[in-house]
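Open the model in your viewer with the sequence panel beside it, and follow the stops below in order. Each stop says what to select and then what is there.

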Amino acid sequence: MEENMEEGQTQKGCSECCHKCLSGIPYASLIATILLYAGVALFCGCGHEALSGTVTILQTYFDVSRSPVDALDAFIMIDVIKYVIYGVAAAFFVYGILLMVEGFFTTGAIRDLYGDFKITTCGRCVSAWFIMLTYIFTLAWLGVTAFTSLPVFMYFNIWNTCQNTSLVNSSSLCFDLRQFGIVSIGQEKRLCTASDNFVKMCESNELDLTFHLFVCALAGAGAAVIAMVVAVSVLIRNHVTLTSKNSGRYCTRF
């Protein structure tokens, strides 16, 4: 009889321990962090490879070459964007860890707040600082999403023309890189549908792969925007709960 009671108490203790551990996880912050990592990885990985494919297309089919002097051309801009991608990947890897740590500490503070725990002024300032930083990152990712849509639009026009070559055989359509700001006004770099380079480009894998890589990068940027919106919503909710005098009326804990 005593053994059964001890076994039941042990099972009850394990169940309470598991319940306590699971209830301390900030699930909303965890979802936002996972979505942020997925979006940043998709944007950085696909964006980097899409830029490399763009260099190949410009050099192979549009006959664009690097400037012999240290002048600002499309290739230098692509190299700069690649380095920016490296920085974004590293920065948001660290930020995702900080976001999860802040979520765990804030969730613990909220749970203690329903007892006699008093949150410090420093804790409130850190929470408010995280809200401001996440809001700025949200606006930044919105800008990145809008910027990424430009190459998607450009490649969609070229890719769509290649998919409908039978409809444009009777007419000669040309893609002028000056329209997209890739080359200067004095350089005439155009590719017409009647040229052999256009046919080779449409038959190659570079165009199709680069276009879909840019689409994936755009999807990654959109996922990062959603993650930032979720994160800032969670941070604001937790901050309001921590700083409210009537915290007892708040039921949801993140």
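Begin with the largest pocket, which encloses about 980 Å³ of space in what is, it should be said at the outset, a predicted model. To place yourself at its centre, select Leu51, Met77, Ile78, Ile81 and Phe147, which are the closest to that point among the 38 residues of the lining. Then colour by helix: the elements that contribute two or more residues to this lining are H2, helix H3 (74–113), helix H4 (121–163) and helix H7 (205–243). The largest share belongs to H4, which supplies 10 residues. If you recolour the lining by residue class, you should find 29 nonpolar residues, 8 polar ones and 1 charged one.

Next, turn from the open pocket to enclosed space, where the structure holds 1 cavity of 30 Å³ or more, with a volume of about 70 Å³. Select Thr54, Ile57, Leu58, Phe62, Met154, Tyr155, Ile158, Phe175, Leu177, Phe180 and Ile182 to display the residues that line this cavity. Here the elements that give two or more residues to the lining are H2 and H4, and by class the lining is made of 10 nonpolar residues and 1 polar residue, with no charged residues.

Stay with helix H2, which spans residues 27–60, and select threonine 33 within this helix. Is threonine 33 buried or exposed? Its relative accessibility is 4%, so threonine 33 counts as buried. Draw a distance from a polar atom of the threonine 33 side chain to the backbone oxygen of serine 29, and the separation should read 2.8 Å. Now show the surroundings of threonine 33: once its neighbours within four places in sequence are set aside, the residues in contact with threonine 33 are Gly96, Leu99 and Met100.

The last stops concern the cysteines. How many disulfides does a search of the whole structure find? The search finds 1, and to see this disulfide you should select cysteine 162 and cysteine 202, whose sulfur atoms are 2.0 Å apart. The pair ties together distant parts of the chain, since cysteine 162 sits in helix H4 and cysteine 202 in helix H6 (residues 196–203), 40 residues apart. If you look along the link between cysteine 162 and cysteine 202, the angle about the S-S bond is -65°, and the link is left-handed. The two ends can also be compared by accessibility: cysteine 162 has a relative accessible area of 11% and is therefore buried, whereas cysteine 202, with a relative accessible area of 24%, is partly exposed.

Two further cysteines deserve a look. Select cysteine 44, which is in no disulfide and whose nearest cysteine sulfur, belonging to cysteine 46, is 9.8 Å away; with a relative accessibility of 8%, cysteine 44 counts as buried. Finish at cysteine 216, for which the nearest cysteine sulfur is again that of cysteine 46, here 4.5 Å away. Why is cysteine 216 in no disulfide? A pair of cysteine sulfur atoms must lie within 2.5 Å to count as a disulfide, and the nearest sulfur to that of cysteine 216 is 4.5 Å away. Cysteine 216 has a relative accessibility of 31%, so this residue counts as partly exposed.

Conventions: Residues numbered from 1 in each chain as written. Predicted model: local features only at pLDDT ≥ 70, side-chain atom pairs only at ≥ 80, totals over all residues. Heavy atoms only, no water. Helix = DSSP H or I, 4+ residues; strand = E, 2+ residues; numbered from the N terminus. Buried < 20%, exposed > 50% of the residue type's maximum accessible area, 1.4 Å probe, protein only. Polar contact = N/O pair within 3.5 Å; in protein donor to acceptor, adjacent residues only side chain to side chain. Contact = heavy atoms within 4.5 Å. 1 Å grid on protein atoms, 1.4 Å probe; cavity = no way out; pocket = protein on both sides within 12 Å on 5 of 7 lines; lining within 4 Å. Points joined across faces, edges and corners; volume = space filled by probe spheres on them. Nonpolar A, V, L, I, M, F, W, Y, C, P; charged D, E, K, R; others polar.
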